[in-house]
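Q: Please take a close look at one part of this structure, then place it beside other parts that can be described in similar detail.
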Amino acid sequence: MKVNQPQSAVLLLVTAFVLLFSSCNNDENKEIASADIPATVEMKAILTSPPHVPPPTGKRKAKKLIVDMEILEQEGEMTNGVKYMYWTFGGTVPGSFIRTKIGDEVEFHLKNHPDNKLPHNIDLHAVTGPGGGAESSFVAPGREKVFSFKTLNPGLYVYHCATAPVGMHIANGMYGLILVEPEEGLPDVDKEYYVMQGDFYTKGNYGDRGLQPFDMQKAVDEDADYVVFNGKVGAMTGDNAITANVGETVRLYVGNGGPNLVSSFHVIGEIFDKVRVEGGDMVNENIQTTLIPAGGAAIVEFKVDVPGSLILVDHSIFRAFNKGALAMLNVSGEENKTIYSGEIEEGIYLPEGGGIQQMPLRDGMEGGEIPAKSMAEKMEFGKQTYMQTCFACHQAEGQGIPNAFPPLAESDYLNADVNRSIDIVLHGLTGEITVNGEKYNSIMTAQTLSDEEVANVLTYVYNSWGNSKKEVTPAMVKSVRAK
Ligand SMILES: [Cu+2]
């Protein structure tokens, strides 16, 4: 998808001039409610693509605000190798963020690009009027419609296409957020981001390659293949993660376009200091998870105190780990051990009289000498370990899960280097790797297994599913462990 350029330098200059002009003129209006202020001065709205939001309206007074929005139907990537025909407001999913002030008289220009195939319109939940603007904005390809409305209620609102079949237009990505700031603006924060959840329905299953058409039946059944933030799997992970520094306050404008699913929005490793519930005036404090209805929004704020990756999820958790509803906020800065110690010690847990031990002792084995086993035995024990330990992520046939867990079946990465594989099982793995041409950037935790168990499980993996048939011995594991 095309990135929507925020604004030309010229416009910024004009805007700055207009702001200056207005700030020295409007003092006498202080006492008057914003809705009564004549919105005389004209300015062009700065629109931004997710995850960015336009600059705060600050102390500026209500204005005539020109919003230029272009509808584009264009192919994009849902996830590696999976293409989808998105319908967009401004070339992105969610559509461009619109930031207004209460009392603004918004003159909305909705343009339907001549290359598009369908008519569209827009229903803004911030509008008081028939269809939220939908009736006046119905626009055919190659046409432009103009309508205007006054922002009467502060809050964070969803906008979406409302052209029949409405569900299909929304399911294809036609939604976004419009913020109406109160008279005094919102309190200052250090970082602001735009995050919006949506559910997608494709003919193929999750990860099935190629151009995937919209599946009406699955949409009716509310059987989503993808549940994502900002239009695609991984829109905000890895290099695209949003960022903050320790000590900063972060404000997220979180919307949910649906069309069907309600979001249990949660940030793993953080507590929301404040939530503007449903995007309105009510502020709730110290919240773990906030519910965001389809066609609704919330503003969440929190101070980040320790460095690390915070994970944004829909806490309907299979959506996060199996359907894409996962994003990252990377916090950098100094550690603070009084707030979070990190791992202090790792030990083996033994229910009876346990305590911390050196090595897991199993089958009466005393460490030291390990009796040699036949290949058949190694495969059998290896399989057992695999089904207990590795299976949950890498799956029964080693096929993995697209975009989450790399395959161990016919894995070029696995087969290239035995010692590296041993090291991964012993110490875990993080950072970007490429397996059979696909990139993965996730975390495998270190596995607490004895040398013999590691040898058996890897022997099993290497001798299954089209791999290179290597045999891994406890001695090999021991020498990697010793490094
Ligand atoms: Cu539409």
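At what angle do the axes of α8 and helix α9 cross, and within what distance do they come?

A: In this predicted model, the axes of α8 and helix α9 (residues 451-462) come within 11 Å and cross at roughly 125 degrees. An angle from 65 to 115 degrees would count as roughly perpendicular, and one over 145 as roughly antiparallel; α8 and α9 are therefore oblique to each other. Their crossing is right-handed.

Helix α8 (residues 418-427) also packs against helix α10 (residues 474-482). Here the angle is about 70 degrees and the axes are 10 Å apart. That makes α8 roughly perpendicular to α10, and the crossing of α8 and α10 is right-handed. One residue of α8 can be followed further: leucine 426 is found in this helix. Its relative accessible area is 8%, and the cut-off for burial is under 20%, so leucine 426 counts as buried. The C-alpha atom of leucine 426 is separated by 8.5 Å from that of valine 477, although the two positions lie 51 residues apart along the chain numbering.

The copper site is another part that can be described atom by atom. The protein donors of the copper ion are ND1 of His120, SG of Cys161, ND1 of His169 and SD of Met174. These atoms lie 2.0 to 2.5 Å from the ion. Along the chain, the donors follow the spacing H-x40-C-x7-H-x4-M. Cysteine 161 sits in the loop between β8 (155-160) and α3 (166-171), and methionine 174 in the loop between α3 and β9, 13 residues apart. The angles that the four donor atoms subtend around the copper ion run from 87 to 137 degrees. A tetrahedral arrangement requires all angles to lie between 85 and 135 degrees; with angles of up to 137 degrees, the arrangement is irregular. Cysteine 161 is buried, at 0% relative accessibility, and methionine 174 is buried with a relative accessible area of 0%.

Strands β8 and β9, which flank those loops, belong to an open sheet of four strands with the order β4-β9-β8-β6 and mixed pairing. β4 (98-101) and β6 (123-124) stand at the edges; each has a single partner strand, so one side of each is left without a neighbour in the sheet. β4 and strand β9 (residues 175-181) run parallel and are joined by four bridges. In this pairing, threonine 100 stands opposite valine 180 in β9.

Elsewhere, strand β14 (residues 249-258) has two pairings to report. Strand β10 (residues 191-200) runs parallel to β14 and is joined to it by eight bridges, with valine 254 in β14 as the bridge partner of valine 195. Strand β19 (residues 296-303) pairs with β14 in the antiparallel sense, over eight bridges, and here asparagine 256 stands opposite glycine 296 in β19. Nine of the ten residues of β14 are buried, so this strand is largely enclosed by the rest of the structure.

Key. Residues numbered from 1 in each chain as written. Predicted model: local features only at pLDDT ≥ 70, side-chain atom pairs only at ≥ 80, totals over all residues. Heavy atoms only, no water. Pairing = 2+ DSSP bridges. Donors = N, O, S within 2.8 Å, 3.2 Å for Na, K, Ca; no water. Tetrahedral: all angles 85-135°; square planar, octahedral: opposite > 155°, others 65-115°. Buried < 20%, exposed > 50% of the residue type's maximum accessible area, 1.4 Å probe, protein only. Axes fitted to C-alpha atoms, helices over the stretch in contact; angles between N-to-C directions. Parallel < 35°, antiparallel > 145°, perpendicular 65-115°, else oblique. Left-handed = near helix turned anticlockwise from the far one by under 90°.
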